[in-house]
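Open the model in your viewer and keep the selection box at hand. The tour moves from the whole chain to a few aromatic side chains.

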Amino acid sequence: MNVIMISPGYPAEMALFARGLAAAGASVIGVGDQPPASVPQVAREALAHYQQVGSLAAAGAVAATVRELARQVRVDRVECLWEPYMMLAARLREELGLPGLTVEQTVPFRDKELMKQLLGAAGLRTPGHASTETVAGVWAVAERLGFPLIVKPVAGAGAADTYRADSAADLDAILPMLRHVPRVIVEEFIDGEEFTYDTICAGGRVLFENVCWYRPRPLLTKLHEWISPVTVALRALDAPDLQAGRALGAAAVEALGFRDGFTHMEWYRKADGEVVFGEIGARPPGGRMVDIMNYATDADLFAAWAEAVTSGRISEPIERRYNAGGIFKRAEGAGRITRHEGLDHLLAEYGEHVVALDLLPVGAPRRDWRASIIADGMVIVRHQELSKTLEMTERFAAELHLHAG
């Protein structure tokens with residue numbers, strides 16, 4: 001099987017999906033705008049060929065390049081796991097007559113307003129919402145929905161350009177920061193805990209499912225630099241308080257007609273137990289969450305995804321063995337990392353449960369905490385007991401410090 005993979009080297013985890021495709025027996029043809037030397041070695045080793053294009057955003061030029069490749073070698077699939085270019089991949093599938101999401105099927109995964117309309121029509125609980133391209137439109141929706149509310153891009157990903165407004169004064173302050181966004185969705189703020197529902201599907205069947213718990217919810221971590229976000233992949237998916245969320249997730253995947261690959265959904269559980277849909281992407285989660293899921297299962301989900309999309313199955317059973325928590329550290333101060341504090345005593349107490357440790361070294365410039373959840377480093381811990389996992393994540397979040405100056 002010959003698979004064209006859009007952007008096999010960026011973001012960084014795409015290289016691991018490319019490796020998974022090669023391990024599944026596919027001949028992987030990479031198409032990206034990185035110079036060949038900048039493509040990570042893991043991806044380069046997995047690729048049978050790499051075709052650099054000027055810009056992946058130039059859809060017409062990329063399509064012409066791919067048509068030329070298809071004249072030289074049979075192409076069986078086009079895969080893209082990076083949100084900005086999913087529509088490009090859908091267009092290429094249609095032009096080449098290949099299986100996978102079409103443009104029409106992809107649009108609801110990119111347009112959050114249409115997504116919620118379709119799910120609402122299927123009887124699923126979504127926040128009150130409306131999209132608009134004007135400031136006046138935002139105010140009109142706010143008047144109808146009331147406060148608090150959320151304003152975010154219709155075609156965004158993660159918490160980028162996402163704001164909460166608790167009052168008219170808040171909304172007035174937020175709107176100038178969204179001038180660069182052509183169309184926004186304004187929606188009811190759901191007060192509750194936030195979880196994910198992640199799947200690998202083949203032929204419309206869910207072959208693997210996962211639930212992660214965000215601690216605290218991403219909107220808070222976006223607002224406060226001092227918070228070190230935590231994501232916990234939960235071991236016991238049969239826990240009673242997760243069942244409504246799992247059912248909501250499975251229904252959303254079915255309602256949107258998703259068939260092959262990774263999905264990543266976010267949902268809320270309110271204090272009264274009601275579950276509410278957040279949003280869903282036809283892609284894997286970012287923020288190293290696939291790594292966290294791997295540590296929860298002792299599996300290679302990059303390879304499992306590749307087997308699912310190329311063969312329609314996952315041949316090795318995947319067991320949920322641990323609760324795995326990722327703690328994403330943000331440095332204190334500005335400039336370069338000057339020292340780590342608290343790591344030694346935490347490793348002395350919990351070292352046997354630490355499965356990944358990746359902190360910026362002393363001397364490295366700290367990263368922009370607004371641009372990436374990973375920020376200045378991460379620690380992944382795991383334990384069979386959820387209470388112990390939560391204890392460890394809380395301790396690392398509170399007692400591990402990266403200082404910059």
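**The whole chain**

Of the 405 residues of the protein chain, 51% count as buried. Buried means under 20% relative accessible area, exposed means over 50%, and partly exposed lies in between (1.4 Å probe, protein chains only). This is a predicted model: local features need pLDDT of at least 70, side-chain atom pairs count only at pLDDT 80 or more, and totals for chains, interfaces and linings use all residues. Residues are numbered from 1 along each chain as its sequence is written, and side-chain values use heavy atoms, with hydrogens and water left out.

Show the cartoon. The protein chain has 14 helices and 19 strands. These are DSSP runs numbered from the N terminus: helices are H or I with at least four residues, strands are E with at least two. The C-alpha trace spans about 55 × 55 × 45 Å along its principal axes. The radius of gyration is 21 Å, which agrees with the value near 22 Å for a compact globule of 405 residues. That radius is taken over C-alpha atoms, and the globule rule is 2.2 Å times the number of residues to the power 0.38.

Now show the surface. About 17000 Å² of the protein chain is exposed, and carbon and sulfur atoms supply 51% of it. The areas come from the Shrake-Rupley method with a 1.4 Å probe; for residues, only the protein chains shown count as cover.

**Stop 1: Tyr-10**

Select Tyr-10. Its place is in the loop between E1 and H1. What does Tyr-10 contact, leaving aside its neighbours within four places in sequence? Gln-34 and Trp-82. Contact means heavy atoms within 4.5 Å.

Next, add Trp-82. The structure holds nine aromatic pairs. Tyr-10 and Trp-82 form one that is edge-to-face, 5.1 Å centre to centre with 75° between the planes. Rings of Phe, Tyr and Trp (its six-membered ring) pair if their centres lie within 6.5 Å; planes under 30 degrees apart are stacked, over 60 edge-to-face, and the rest tilted. The pair links distant parts of the chain: Trp-82 lies in the loop between strand E4 (77-79) and helix H4 (86-96), 72 residues from Tyr-10. Tyr-10 counts as partly exposed, at 46% relative accessibility. Trp-82 counts as partly exposed at 22%.

**Stop 2: Phe-17 and Trp-305**

Select Phe-17 and Trp-305. They form an edge-to-face aromatic pair, 5.2 Å centre to centre with 85° between the planes. Phe-17 is in helix H1 and Trp-305 in helix H12 (residues 301-311), 288 residues apart. Are these two rings buried or exposed? Phe-17 is buried, with a relative accessible area of 0%. Trp-305 is buried too, at 1%. Add Phe-262 and Phe-302: with Phe-17 and Trp-305 they form one aromatic cluster.

**Stop 3: helix H1**

Select Met-14, Ala-15, Phe-17, Ala-18, Gly-20 and Leu-21, the buried residues of H1. What covers them includes E1, strand E2 (27-32), helix H2 (41-46), strand E13 (261-270), helix H11 (289-297) and H12. End at Gly-25, just after H1, where phi is positive at about 95°.
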